Amino acid sequence: MEYKDIVQRLINVEKLAELPFEGEKCKQWSSYDRRSKYDSETDSYIGWGANADGDGIIRQEGEEQVIAEIDGPGVIWRVWSADPKEGHIKIYIDDAEEPVLDMPFKDYFDNSKPLFNFPELVYIKARGCNNYLPITFQKSCKITLSEEWGAYYHVTYGEFPEESKVPSFKGKFNEEDRKALQEVNDNLKEKRENPFIFDEDEEVEEIEIKVGPGETVDICSIDISYIDECRAITSLQVKMDLPTGLIAERKLLRELAISIYWDNEEEASVWSPLGDFFGTAPGVNRYCSLMMGMSEEGFYSRWFMPFSDNALLQLSNDSKEEQSVRFIITHKPLYEKIEKFGRFHAKWHRDVLLIEAEDRWPDWPFLRTEGRGRFCGIHLHIWNPVWVEHWQGAKPGDYWWGEGDEKFFVDGEKFPSTFGTGTEDYFGYAWACPDHFDSAFHCQTLNENNSNGNISLLRLQVADNVPYQKSFEGVFEKYYPNEWEGNATKYAVTVYFYQAAAGNDPYQAVPVGERVGYFK
């Protein structure tokens with residue numbers, strides 16, 4: 001495959017919907033606390049909540065610290081750091097003795113540098129340093145850091161099947177590569193600035209529905225039997241008049257819920273409160289990402305959603321008044337065989353499928369599913385009623401939610417192939433920074449009172465989606481008690497993933513009493 005094909009994966013939402021092939025993987029090296037271990041002899045986890053996540057490495061080689069070591073063919077999708085400094089990052093490609101790139105770690109995130117002058121892909125947001133430029137290799141990739149490099153890192157990478165042919169990074173991008181990167185950079189910028197643009201082959205349906213208290217009504221049913229071609233929903237937009245007042249607005253967007261059924265299935269593949277489905281809660285918090293957003297023109301979603309027979313969209317109203325909602329739905333023919341694609345899933349929940357094993361504390365699961373598919377992102381709403389300025393006598397994470405690492409167990413792994421360094425790190429920023437920001441792949445759309453109150457976060461994993469063949473389990477470390485009453489910090493999540501039609505999605509609709517009233 002050519003470099004331009006790899007770069008296109010940053011924006012190719014149709015590719016994202018394809019079921020993964022054998023040998024396709026996404027993993028992460030990070031500076032997580034190496035005291036966290038799995039003991040195979042006792043089948044138990046040791047130091048699983050260890051929290052010194054700033055300086056973990058693979059090993060020391062002379063004056064260099066090895067932080068990533070990968071067999072090819074593959075690609076580095078993302079590098080992140082909370083505090084990069086003058087110490088150098090060195091990247092060794094295909095077993096070479098000399099690095100193809102050797103520069104101060106802080107410069108790796110500087111989009112004023114000619115090599116990295118792509119501001120939609122290389123940037124600093126809320127103190128989090130992000131670089132999404134794909135670094136490719138055929139045989140191997142090793143990354144090291146020298147002394148005084150700073151603190152905290154993630155290296156997210158993809159592995160391709162052994163037979164794949166991948167161009168190896170030479171330390172610079174040639175003219176063709178730069179053109180490919182510039183096109184993707186410009187495409188991301190345009191899609192975020194002009195989210196309501198339709199392609200010529202898309203059919204547009206504008207529907208306005210009224211749904212009474214306690215009712216569930218069909219938004220539309222797209223039946224393709226009469227046209228004999230598989231199709232895909234390409235975007236959803238919602239426009240509605242919201243009630244006056246922040247409390248009423250937030251409440252209504254949790255009382256309305258959207259469901260989508262693919263191909264006559266009995267259980268919905270998509271179920272979520274309406275506001276949360278579009279990636280931010282509680283209430284309307286304006287932002288623009290690649291896949292979703294909220295603007296003055298309404299809410300939008302651009303997930304690519306293939307189906308073979310029909311698609312049924314419904315809206316439920318658990319409020320006490322009739323609601324009028326306008327939907328704009330676009331769909332188009334599917335130009336490849338439907339067997340190639342998974343079905344889109346989006347599920348909202350608070351506390352289900354919890355892990356009971358004591359040695360797995362403090363893992364709080366946001367997705368546990370079986371089948372073949374791709375994990376593609378998460379919207380996390382945090383209600384944090386207690387924030388203390390004085391940490392004496394408190395365990396890390398008792399009041400500050402962001403210490404919890406993300407961990408992804410793929411296809412029955414005992415030790416996760418992704419092990420992060422903190423919840424806010426996963427969402428692309430750092431150090432509890434309350435700044436609101438949006439970008440193509442991650443956003444903080446709400447942070448009340450410096451993390452005391454409601455917080456709304458979004459992370460989209462597009463090129464760096466996590467393929468699985470048998471199962472996926474994703475967790476965040478949640479250090480405080482899992483209580484719904486009182487001052488305990490509470491999580492609500494909407495998880496976005498694709499799964500084969502025969503896969504097991506265990507998440508059900510959540511009663512309105514568990515969706516509203518627990519946050520203020």
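Which residues is Asp363 in contact with, leaving aside its neighbours within four places in sequence? In this predicted model, they are Trp48, Ile355, Lys407, Phe409, Val475, Phe476 and Glu477. Asp363 belongs to strand S26, which covers residues 363–370. With a relative accessibility of 8%, Asp363 counts as buried, because the cut-off for that label is under 20% relative accessible area. Its side chain has polar contacts with two others: the side chain of Trp48, at 2.8 Å, and the side chain of Arg360, also at 2.8 Å.

Strand S26 is part of an open sheet of four strands, ordered S26-S33-S28-S29, with antiparallel pairing. S26 and strand S29 (418–419) are the edge strands; each has a single partner strand, so one side of each has no neighbour in the sheet. At the S29 end, strand S28 (residues 406–410) and S29 run antiparallel and are joined by two bridges. Lys407, one of the residues in contact with Asp363, has Phe419 in S29 as its bridge partner.

Strand S34 (residues 490–499) offers another view of strand pairing. How many of the residues of S34 are buried? The count is 10 of its 10 residues. In a regular strand, side chains alternate between the two faces of the sheet. In S34 one side carries Lys490, Ala492, Thr494, Tyr496 and Tyr498, the other carries Tyr491, Val493, Val495, Phe497 and Gln499, and both faces are covered. S34 pairs in the antiparallel sense with strand S25 (residues 343–349) through seven bridges, and His349 stands opposite Val493 of S34. S34 also runs antiparallel to strand S27 (residues 373–384), to which 10 bridges join it. There, His379 stands opposite Thr494.

The contacts of Phe344 lead from these strands to the nonpolar interior. Apart from neighbours within four places in sequence, Phe344 is in contact with Trp262, Ser269, Val270, Phe277, Trp303, Phe304, Met305, Tyr496, Phe497 and Tyr498. Phe344 is also a member of the largest nonpolar core, which has 102 residues. The members of that core that touch the most other members are Ile76, Tyr108, Leu121, Ile233, Trp303 and Phe344. A second core of 31 residues is separate, and Phe375, Ile378, Ile382 and Phe437 are among its members.

Trp77 lies in strand S6 (residues 74–84). Is Trp77 buried or exposed? Its relative accessible area is 3%, so Trp77 is buried. Beyond residues up to four places away in sequence, Trp77 touches Ile6, Arg9, Asn131, Tyr132, Pro134, Thr156, Tyr157, Gly158, Phe160, Ala463 and Asp464. One of these residues, Ala463, has its backbone oxygen 3.5 Å from the side chain of Trp77. Trp77 and Cys26 are 51 residues apart along the chain, and their C-alpha atoms are separated by 9.1 Å.

Ala463 and Arg9 also appear in the lining of the largest cavity. The structure holds three cavities of 30 Å³ or more, and the largest cavity contains about 160 Å³ of space. Its lining consists of 17 residues, with Arg9, Glu24, Arg374, Ala463 and Asn465 nearest the centre. H2, strand S1 (25–30) and strand S13 (150–159) are the elements that give two or more residues to this lining.

The largest pocket has a volume of about 520 Å³ and is lined by 25 residues. Which of them lie nearest its centre? They are Lys191, Ile197, Asp199, Glu202 and Arg302. Helix H2 (13–16), helix H3 (175–193), strand S16 (231–239) and strand S24 (323–333) each supply at least two residues of the pocket lining. H2 therefore serves two linings, because it also gives two or more residues to that of the largest cavity.

A last strand to follow is S7 (residues 88–93), where five of the six residues are buried. S7 pairs with strand S8 (residues 101–104) in the antiparallel sense, over four bridges, and His88 stands opposite Pro104 in S8. S7 also pairs with strand S12 (residues 140–146), again in the antiparallel sense, over five bridges. In that pairing, Ile93 has Cys141 of S12 as its bridge partner.

Methods. Residues numbered from 1 in each chain as written. Predicted model: local features only at pLDDT ≥ 70, side-chain atom pairs only at ≥ 80, totals over all residues. Heavy atoms only, no water. Core = buried A, V, L, I, M, F, W, Y, C linked by side-chain atoms within 4.5 Å. Buried < 20%, exposed > 50% of the residue type's maximum accessible area, 1.4 Å probe, protein only. Contact = heavy atoms within 4.5 Å. Polar contact = N/O pair within 3.5 Å; in protein donor to acceptor, adjacent residues only side chain to side chain. Pairing = 2+ DSSP bridges. 1 Å grid on protein atoms, 1.4 Å probe; cavity = no way out; pocket = protein on both sides within 12 Å on 5 of 7 lines; lining within 4 Å. Points joined across faces, edges and corners; volume = space filled by probe spheres on them.
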